[in-house]
Each structure stands twice: as structure tokens, then as C-alpha cells.
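Hello,

Here is the structure we talked about. My notes on its core and its salt bridges come after it.

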Amino acid sequence: MANFMDTLGVTAGDPHETGRPGDDAGLRVTPTEAHANVNGGVHGGLLATMLDSAMGQAARDHLPDDKSAVTVSLTVTYLNGAKVGEELLASAEVRKEGGSLIMLEADVVRVEDDEPVAHGVATFSVIDAD
């Protein structure tokens with residue numbers, strides 16, 4: 001069974017491919033018409049999902065195997081538009097790790113020119129893994 005990210009066509013990406021900060025986790029996608037908003041650009045929900053998911057992966061990668069992390073808060077700032085067909089890369093990094101909370105930042109950039117499309121900050125709660 002496909003998970004949510006598979007359904008969106010989002011795959012693992014190398015966060016070192018961008019000049020933006022964030023080398024703890026990366027995701028990439030080439031948006032299709034299915035990802036378009038009513039104006040024909042890439043829907044902000046896809047960008048927010050990429051930010052949230054990249055930060056979630058970065059948080060989990062910093063935890064022991066018996067722990068996981070879930071989003072407590074997410075703030076997204078949209079910086080530039082993205083078009084269908086433009087490959088996008090999300091990169092995330094842990095900014096502060098405490099006992100029960102992890103604070104992170106992430107960016108989504110256009111791969112062709114490394115232009116930032118969206119920036120996110122989030123707090124994740126550490127939970128027991130299933």
C-alpha cells in the first residue's frame with residue numbers, strides 16, 4: 001500500500017544539492033497538473049507537506065530507534081511561486097533538540113536555480129515509536 005508521500009510523487013532527495021541551510025534531510029518532487037492550484041501554479045499545500053515531511057524526517061533521524069516525532073506546530077512562509085514541471089527540493093535541519101521537543105527549519109527551492117520557494121519552521125514532539 002502506498003503512503004501519502006508516494007501518492008504525491010515525493011521521493012528522497014539529497015539536501016546537499018542546495019546552497020540553502022539544512023543538511024539533515026531532503027525530499028524532491030517534480031509537480032504535475034495534479035499538484036496545481038486554481039491559478040495553475042504549484043499548490044501551497046504540496047510545499048507545506050514537503051517542509052513538514054522533511055523536518056519530520058530530520059527530527060526522527062536525530063532520535064534513538066525507540067522514539068519518533070510528530071508535528072506540534074508548523075509555520076510556512078511562501079517566498080516565490082513554483083510552476084508545474086519545475087523540480088523542487090526540500091532540505092531540513094534540526095535547530096534545537098530538547099528532552100521532549102525538537103525545533104527545526106526547512107526550505108523548498110527550485111532545483112534549476114536554487115531559488116527559494118518556501119521556508120518553514122516547526123516544533124516536533126518526541127513520542128515513543130510503535
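The notes below cover the nonpolar core and then the salt bridges.

This is a predicted model, in which local features need pLDDT of at least 70, side-chain atom pairs count only at pLDDT 80 or more, and totals for chains, interfaces and linings use all residues. Residues are numbered from 1 along each chain as its sequence is written, and side-chain values use heavy atoms, with hydrogens and water left out.

The largest nonpolar core (buried Ala, Val, Leu, Ile, Met, Phe, Trp, Tyr and Cys residues joined through side-chain atoms within 4.5 Å) has 31 residues. Those touching the most other members are Val 10, Met 50, Met 55, Leu 88, Leu 104 and Val 108. Helix 2 supplies the largest share, eight residues. Helices (H or I, at least four residues) and strands (E, at least two) are DSSP runs, numbered from the N terminus. Beyond its neighbours within four places in sequence, Leu 104 has contacts (heavy atoms within 4.5 Å) that include Met 55, Ala 58, Val 94 and Phe 124.

There are five salt bridges, each a side-chain nitrogen of Lys or Arg within 4 Å of a carboxyl oxygen of Asp or Glu. In one of them, Glu 87 and Arg 28 have their closest N and O atoms 2.3 Å apart. Glu 87 lies in the loop between strand 3 (67-78) and strand 4, and Arg 28 in strand 2, so the pair ties together parts 59 residues apart in sequence. Arg 28 is buried at 15% relative accessible area, and Glu 87 is partly exposed at 30%; buried means under 20%, exposed over 50%, partly exposed in between (1.4 Å probe, protein chains only).

Regards
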